[in-house]
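This briefing covers the sheet, the helix packed on it and the nonpolar cores, in that order.

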Amino acid sequence: MKIIISGITGQDGYYLSRLLASKGDQVHGIVRRNSQKSFGVLDTDPELKSKLKLHYGDVTDKHSLDTIFKEVRPDRVYHLAAQSFVQESWSNPELTYEINIKGTLNMLNSFREYSPEGRFYFASSSEMFGKVETKSQDEKTFPWPRSPYGISKLAGFYTGVNYREAYGLFVSNGILFNHESPHRGEEFVTRKISLAAVKIHLGVESELVLGNLDSQRDWGYSADYVKAMELILDYERPDDFVIATGETHSVRDFVQTAFSHLGLDWKKHVKVDEKYKRPADVSYLRGDSSKARKLLGWKPTVSFQELVKMMVDADLKRVSGQKKKAE
Ligand code: NAP
Ligand code: F7E
């Protein structure tokens with residue numbers, strides 16, 4: 001199959017391209033040009049990178065997308081590109097809407113024009129549920145986004161639903177809850193914690209400054225979640241699916257688990273600063289992925305404890321390697 005992945009240089013793009021390339025699919029990625037000619041997470045895996053066909057483009061530039069779609073005529077499209085950092089969406093709301101809403105519209109229009117028989121996946125998010133009033137959230141939960149990012153993902157979600165209903169296209173939404181990995185961006189709270197715990201353990205740093213420790217999230221493993229994306233497009237009809245573990249932990253739990261894995265007492269090192277708190281936060285999320293489990297046969301394979309340890313161990317390997325080089 002011919003596949004186009006937008007956002008291929010990000011965390012999920014890495015795991016998804018690895019999964020699809022290993023099956024012999026022809027994987028094309030859309031990458032934004034930058035002055036360093038760097039390719040994000042893909043630079044950590046030259047073997048994978050050599051199997052991919054990368055095209056310069058930007059989801060806000062419809063012309064660039066048309067050129068790529070016209071050349072590839074993809075069977076499947078995974079639209080993962082986004083300004084994905086919620087905190088940043090408060091500082092740059094217009095850019096967030098431009099990339100996440102207009103960019104999604106552009107991707108859908110190029111898809112409709114050049115691959116109307118194909119299948120399209122949109123990376124929606126649990127952030128669209130926002131101010132939740134139920135113990136767990138599923139596909140029928142009323143959306144109440146709490147940030148420009150959440151609003152943009154809700155708009156993208158309904159644009160996908162609308163194109164499916166209006167034009168009969170195969171467009172599916174994955175409503176994914178938080179998912180992490182050793183390749184998670186360093187500003188997201190899980191990676192910020194795993195990296196800081198390791199640096200404190202190695203004596204490179206002495207403290208970690210965070211925002212809201214009471215915030216609760218349903219955290220899973222990215223490699224499990226990209227498998228769900230594939231299953232969503234394999235399914236017999238286009239539809240929307242919540243993907244989540246069904247377990248919730250606080251930021252404090254994450255800190256405690258990461259630090260204790262390295263034999264550290266987190267209370268001696270962690271401080272709270274208002275500057276990391278958001279004007280409005282999503283305080284609690286727990287996904288109910290019964291529909292995906294029943295119809296797609298999907299389930300997560302990595303527990304919360306395993307995820308935290310995996311991230312800390314990977315950072316320990318990375319940072320101690322760097323430290324040795326520097327010594
Ligand atoms: P990520 O690591 O932040 O990756 C985002 C990707 O989008 C990067 O490859 C980035 O390219 C690309 N991108 C940003 N703006 C672009 C533009 N204008 N044109 C082309 N590409 C652009 O995000 P992720 O964690 O892999 O998440 C993948 C998708 O799932 C995102 O849409 C995110 O919003 C959504 N999502 C994530 C989670 C989660 O917990 N991870 C949960 C629900 C939904 P650069 O490398 O050039 O920056
Ligand atoms: O924050 C709190 C923060 O930035 C998680 C994205 O992938 O998942 C992600 O969005 C929680 C929030 O992720 C710090 O206030 C405390 O309550 O890791 P995060 P997020 O905002 O949940 C969703 C599903 C997506 O779709 C997004 O693309 O942790 N928190 N102290 C902090 N967060 C950060 N980043 N930094 C802190 O110092």
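In this predicted model, seven strands (DSSP runs of E, at least two residues, numbered from the N terminus) form an open sheet with parallel pairing, in the order E3-E2-E1-E4-E5-E6-E11; two strands pair if DSSP finds at least two bridges between them. Strand E3 (53-56) and strand E11 (240-243) are the edge strands, each of which pairs on one side only.

**Sheet and packed helix**
- From one strand to the next the twist averages 20 degrees, where axes are lines fitted to C-alpha atoms, for helices over the stretch in contact, and angles run from 0 to 180 degrees between N-to-C directions.
- Strand E6 (residues 170-176) runs parallel to E11 and is joined to it by four bridges, and Asn173 has Asp240 in E11 as its bridge partner.
- Helix H1 (residues 11-22; helices are DSSP runs of H or I, at least four residues) packs on the sheet and touches strands E1 (2-6), E2 (26-31) and E4 (76-79), its direction making about 170 degrees with that of E1; contact means heavy atoms within 4.5 Å.

**Nonpolar cores**
- The largest nonpolar core has 62 residues, and those with the most contacts inside it include Ile5, Leu16, Tyr78 and Phe259; such a core is a set of buried Ala, Val, Leu, Ile, Met, Phe, Trp, Tyr and Cys residues joined through side-chain atoms within 4.5 Å, buried being under 20% relative accessible area (1.4 Å probe, protein chains only).
- Helix H8 (residues 222-234) gives the most to this core, with seven residues.
- A second, separate core of 19 residues includes Leu108, Tyr114, Phe122 and Tyr163.

**Basis**
- Residues are numbered from 1 along each chain as its sequence is written, and side-chain values use heavy atoms, leaving out hydrogens and water.
- Local features need pLDDT of at least 70 and side-chain atom pairs count only at pLDDT 80 or more, whereas totals for chains, interfaces and linings use all residues.

Note on methods
Chains are lettered from A and ligands numbered from 1 in the order in which they are written. Buried means under 20% relative accessible area, exposed over 50%, partly exposed in between (1.4 Å probe, protein chains only).
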